[in-house]
Amino acid sequence: MVTTPPATTPGRRTEPTAGPTLRTVLGDLAPEQLGVCDAHDHLFLASPQLPGQELADPEAAAAELRAFRAAGGAAVIQWTPHGMGRRATELPRLARESGVTVVAATGLHQAAHYAPEFLAGLADPAALFVAELTEGIGPDRGADAPHARPRAGMIKVAGGFHGLDRHARRTMTAAAEAHRATGATIGIHLELGTGALDVLDLLCGALGVPPHRVVLGHLNRSPDAAVHRMAAEAGAYLAFDGPSRAHHATDWRLPDAVAALCDAGFTDRILLGGDTTTAGARSVNGGPGMPYLLHRLRPRLELAVGTDAVERMLRANPARAFATNWP
Ligand SMILES: [Zn+2]
C-alpha cells in the first residue's frame, strides 16, 4: 500500500531544526519555507484612534487571507501588538484554513492607542513580551487546545513624530530586554516615517540591540534618502509598508526610495508590507488590502529595480529578518 506523505502546508508546525526559525502561530518554521511574505500587515486591529474602523471580523480576515493567497502570497507578518484587539486565538485557524503562514506580535503601540488605566496596569512590559513570545498570547487553555494559544514571533513598538516620548522609551527598553531574552526581532512603527535615527540611537546604541534585529516601519512615509541610507548603513531592516493609503501622499516616491537603496547595495535590507489598518482598506471591502502588494506594488517595483531584487524583498529578506534562534 502506498501512503501519501503529509501535505506541506505553509505554517504547519515543523520538527525542530538547527539554526534560526520563524515563530508562526502554528509553530516554528524554517526560513526557506516562508515563501512570498507581506512583512507588515494586520488581520485584527482596534484602537480608540480608529473608531468604527476596527479590523474585528474573523470571516473578513479569512477572506482577505484567501485573496492574498490567490494573488500568490504565502505569509503575513502581523504587527498588531498587545491590547489592540489581536484576537490571537483566531489566528491558528485562519492560518490553517487559508494555507497562509501567519506570524503574530507582542509589544505595545503608542500610548494614544490605549486607555491610560490599561497602560498603568502593565507593571512589567518586558515580562509580558517574553511570556507572549515563549508561552503564548492570552490565557492558557490547556493541552487539549495546543494551537489556541499561539506564541508571538516578533515585538512591535512605536516611536513618535521626530522623537521619542517617555512611553516610547519605556516600551523600547522593555522590547530590548525581551529581545535579549528571546532573540525576537523588534519592528518599529515610525510616526509618519520619522525618528528612525532616534530609534536606532536608543535601541542599538544605548540598549545594545543588534541593528539587524530591528525593522524600521513606514519609511515610505518620510522619503528622506539620506536617512534611509544611514539606517541601512547601520544595519537595520527598512520596511516600505502601507502603500496605497489615502492619507499618505508619498506612494509615487516609494520606487525611487527603494531604487536608491538598491543602488547603494542595500537590497538585502528592504522589506515590503501592506499594513492594512481599517476595515475599509481590506481588498474584500473594496480597498487595496493585502493583494495590492503583489498585483500592483510588485510590478511597479520590478520596473524600478528588476524582478530578482523584488523577489529577494518578498522572500529571503523577511525570512532572514524575522528568523531567530529561539531559546
Ligand atoms: Zn501596522
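This is a short walk through one protein chain, going from the overall fold to a few individual residues.

Okay, so before anything else, keep in mind that this is a predicted model.

Let's start with the whole chain. The secondary structure comes to eleven helices and ten strands. If you lay the C-alpha trace along its principal axes, it spans about 60 × 50 × 45 Å. How does the radius of gyration sit against that of a compact globule? For 327 residues you'd look for a value near 20 Å, and the chain has 18 Å, which agrees. Buried residues make up 49% of the chain. And if you take the contacts with a separation of 6 or more, 74% of them are between residues 24 or more positions apart.

Now the interior. In soluble globular proteins, nonpolar side chains tend to be buried together. Here, the largest nonpolar core has 89 residues. Which residues have the most contacts inside that core? Those are V214, L216, L238 and L271. By element, helix 5, residues 166-182, gives the core its largest share, six residues.

Let me zoom in on V214. Ignoring neighbours within four places in sequence, V214 is in contact with I186, I188, L200, L203, C204, V209, A236 and Y237. Strand 7 covers 186-189 and helix 6 covers 196-206, so do click through those while you have V214 on screen.

Next, K156, and here there's something from a record. UniProt, in an unreviewed entry, places the feature "modified residue: N6-carboxylysine" at K156. Where is that lysine in the model? K156 lies in strand 6, residues 152-158. Buried or exposed? It's buried, because 29 other C-beta atoms sit within 10 Å, and the cut-off for buried is 20 or more. Leaving out residues up to four places away in sequence, K156 touches W79, P81, A105, G107, G187 and H189.

On to helix 9, residues 291-305. This helix has 15 residues and reaches 20 Å from first C-alpha to last, close to the 21 Å expected at 1.5 Å a residue. But look at L297: helix 9 bends there by about 40 degrees, and a proline, P299, follows within four residues. The buried residues of the helix are P291, Y292, L293, L297, L301 and V305, which puts the bend residue L297 on that buried list. What covers them? The cover includes strand 3 (37-41), helix 1 (58-70), helix 8 (254-263), strand 10 (270-273) and helix 10 (307-314). Right after helix 9 comes G306, with a positive phi near 95 degrees.

Speaking of positive phi, there are a couple of non-glycines to look at. L192 has a positive phi of about 50 degrees although it's not a glycine. You'll find L192 in the loop between strand 7 and helix 6. It counts as partly exposed because it has 14 other C-beta atoms within 10 Å. H218 is also not a glycine, and its phi is positive at about 70 degrees. That histidine is in the loop between strand 8 (214-217) and helix 7 (225-234). With 26 other C-beta atoms within 10 Å, H218 is buried.

Let's finish with some loops and some long-range pairs. G280 is in the loop between strand 10 and helix 9, and it's partly exposed, with 13 other C-beta atoms within 10 Å. G280 and E54 are 226 residues apart along the chain, yet their C-alpha atoms are separated by 9.2 Å. Beyond its neighbours within four places in sequence, G280 is in contact with Q53, N285 and G287.

Then A46, in the loop between strand 3 and helix 1. A46 is partly exposed, with 18 C-beta neighbours inside 10 Å. How far is A46 from H113 in space? It's 8.5 Å, C-alpha to C-alpha, with their positions 67 residues apart in sequence. Among non-neighbours in sequence, meaning beyond four places, A46 is in contact with E54, A56, M84 and G85. E54, you'll remember, is the residue paired with G280 a moment ago.

Last pair: D201 and G286 are 85 residues apart in sequence and 40 Å apart in space, C-alpha to C-alpha. D201 lies in helix 6 and is partly exposed, with 14 C-beta neighbours inside 10 Å.

Key. Residues numbered from 1 in each chain as written. Predicted model: local features only at pLDDT ≥ 70, side-chain atom pairs only at ≥ 80, totals over all residues. Helix = DSSP H or I, 4+ residues; strand = E, 2+ residues; numbered from the N terminus. Buried ≥ 20, exposed ≤ 12 C-beta atoms within 10 Å, placed from the backbone. UniProt positions renumbered as here; feature names shortened; annotations may be inferred. Contact = placed C-beta atoms within 7 Å. Rg over C-alpha atoms; globule rule 2.2 N^0.38 Å. Expected span 1.5 Å × (residues − 1). Bend = angle between axes of the 7 residues up to and from the residue. Core = buried A, V, L, I, M, F, W, Y, C linked by C-beta atoms within 7 Å.
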